[in-house]
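Grab a coffee and open the viewer. Here are a few exercises on strands, sheets and a pocket, each with a worked solution.

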Amino acid sequence: MQRSEDVVIIGAGVIGCSTAYHLTRLGIASVAVVEMGQPGSGTTSKSASMLSLQFCHDELQARLALYSYRRYMAFEEELGVPVDFKRTGWLTVASAVAAAPLLANATALQQMGIATEVLGPSQLRALYPELNTADIAAATWGPDDGSIDPHSIVWGYVKLATAAGARFHQGVRATGIHLSGGRVAGVDTDHGPIAAPVVVNAAGPWAIEVGRWTGLHLPILNRARTIIVTGPLPGIPPLRPFVEDLDTGWYCRPEGDGVLMGMGLEPVDDPGHVATSPQLLETMIDTAVHRVPVLARASMLTAWTGVRPLTPDDRPILGLVPEVPGLVLNCGWGGTGIIQAPVAGQLAAEAIGAGRGITMDLSPFSLARFAA
């Protein structure tokens, strides 16, 4: 293992891998990425794998998402790896209780240049005839969203970054950040230290622990979300859109011959030991059968629970840390890590290479915004 690098990245999820790739694009090739598992084996592997513009709720999120969306549309041309994007669309439904916020967000999305339609009852039934619409008071439709393959994205970033000189150390756990005179001097690992003047915290749910190594409190809220994948279900055609039930937080989309569905936002104390709750599974199944009655005929093929590292304002923590020179944060992306990976890597690389954001201003993502 190389013992000295210009930059060490902690975490080889999609954010860490994107950061490594974008650093090499800037000509910073002496990069090491330390990952306790395999690239993309953590939170990245446990997502719903959606590329979404409907997920945006303010102008800043929209700018991030639109930038990344455009980069994904050119991903194969840029990196030589297809991302298997299926533009099936994103359908959001709400009862009378949640109808007003949904319609207000639709208007905001339209004003931000994101294609969004408000559907009437007949349009909704035509788009997704399997839905139970009895208690739906409002529905919106985003035609440009769809599923994507996170493993291909990670592989594309790893492949190109490695070809440019970056090193990915799998099965290597970071155990501390070494400081000298208050500045970053390297990373301690269970395979020995790596000297480096710059360290990137891209540790996802473990970013809280990594922050403590330098005396930082990162206001990241780890929350668990469970996903079920059913066995073959002919009742749901494979090109049906992603469906989000705003009232319950439940969603589903076709996955192969079956259906993938997700739900949950439970607090997590230890991201390394996250159990799937039997009670939540029961609630998910009841919710699924209510919203899409044909799912009553589905069998459960597999289930898993992943962790979403959220922040209080739903914005990531990204950029340099003046109190710890040499430390760069790229964490707190919540459920948008895959959606925003291109811009996350680009902005982190700019912070390291230029000392500031070039693609966009980094101040809205600074840790300092939580100081009050």
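**Exercise 1. Find the residue that stands opposite N201 in strand 19, then work outwards to the sheet around it.**

Start with the pair itself: N201 faces L329 in strand 19. Keep in mind that you're looking at a predicted model.

Next, look at the two strands involved. Strand 12 (residues 198–201) runs parallel to strand 19 (residues 327–331), and three bridges link them.

Now zoom out. Both strands belong to an open sheet of six strands, ordered 8-2-1-12-19-18, with mixed pairing. At its edges sit strand 8 (167–170) and strand 18 (317–320), each of which pairs on one side only. Ignoring direction, neighbouring strands here are turned by 20° against each other on average.

Last step: which helix lies across strand 1, strand 2, strand 8, strand 12 and strand 19? That's helix 1 (residues 14–25), running at about 160° to strand 1 (7–10).

**Exercise 2. Work out the strand order of the eight-stranded sheet, and say why one side of strand 5 and of strand 17 has no neighbour in the sheet.**

Write down the order first: 5-6-4-14-15-16-13-17, an open sheet with mixed pairing. Strand 5 (117–119) and strand 17 (300–310) are at the edges with a single partner strand each, so one side of each has no neighbour in the sheet. From one strand to the next, the twist averages 20°.

Then pick a pair to check. Strand 13 (residues 221–230) and strand 16 (residues 258–267) are antiparallel, with six bridges between them. Within that pair, T226 has M263 of strand 16 as its bridge partner.

Finish with the helices. Helix 4 (residues 99–111) packs on the sheet and touches strand 4 (90–94), strand 5 and strand 6 (138–142), its direction making about 30° with that of strand 6. Helix 8 (residues 278–291) lies across six strands you can click through: strand 4, strand 13, strand 14 (242–245), strand 15 (250–255), strand 16 and strand 17. Its angle to strand 16 is about 130°.

**Exercise 3. Follow the chain from strand 9 through strand 10 to strand 11, and find a glycine with positive phi in each hairpin.**

Take strand 9 (residues 174–180) and strand 10 (residues 183–189): they pair antiparallel over six bridges. A handy landmark is G176, whose bridge partner in strand 10 is D188. Two residues lie between the strands of this hairpin, and G181 has a positive phi near 65°.

Move on to strand 11 (residues 194–195), which is antiparallel to strand 10 and joined to it by two bridges. Here V187 has I194 as its bridge partner. This hairpin has four residues between the strands, and G192 shows a positive phi near 110°.

**Exercise 4. Describe the second largest pocket: its volume, its lining and the element that gives the most to that lining.**

Volume comes first, at about 390 Å³. The lining has 22 residues, with K86, S147, R253, P254 and E255 nearest the pocket's centre.

Which elements give two or more residues to the lining? They are helix 6 (150–163) and strand 15. Strand 15 gives the most, with three residues.

To wrap up, sort the lining by chemistry: nine residues are nonpolar, seven polar and six charged.

Methods:
Residues are numbered from 1 along each chain as its sequence is written. This is a predicted model: local features need pLDDT of at least 70, side-chain atom pairs count only at pLDDT 80 or more; totals for chains, interfaces and linings use all residues. Side-chain values use heavy atoms; hydrogens and water are left out. Two strands pair if DSSP finds at least two bridges between them. Axes are lines fitted to C-alpha atoms, for helices over the stretch in contact, and angles run from 0 to 180 degrees between N-to-C directions. Contact means heavy atoms within 4.5 Å. On a 1 Å grid over the protein atoms alone, a cavity is a set of points where a 1.4 Å probe fits but cannot get out, and a pocket is an open set with protein on both sides within 12 Å along at least five of seven lines; lining residues have an atom within 4 Å of a point. Grid points are joined across faces, edges and corners, and a volume is the space filled by probe spheres set on the points. Ala, Val, Leu, Ile, Met, Phe, Trp, Tyr, Cys and Pro count as nonpolar, Asp, Glu, Lys and Arg as charged, and the others, Gly among them, as polar.
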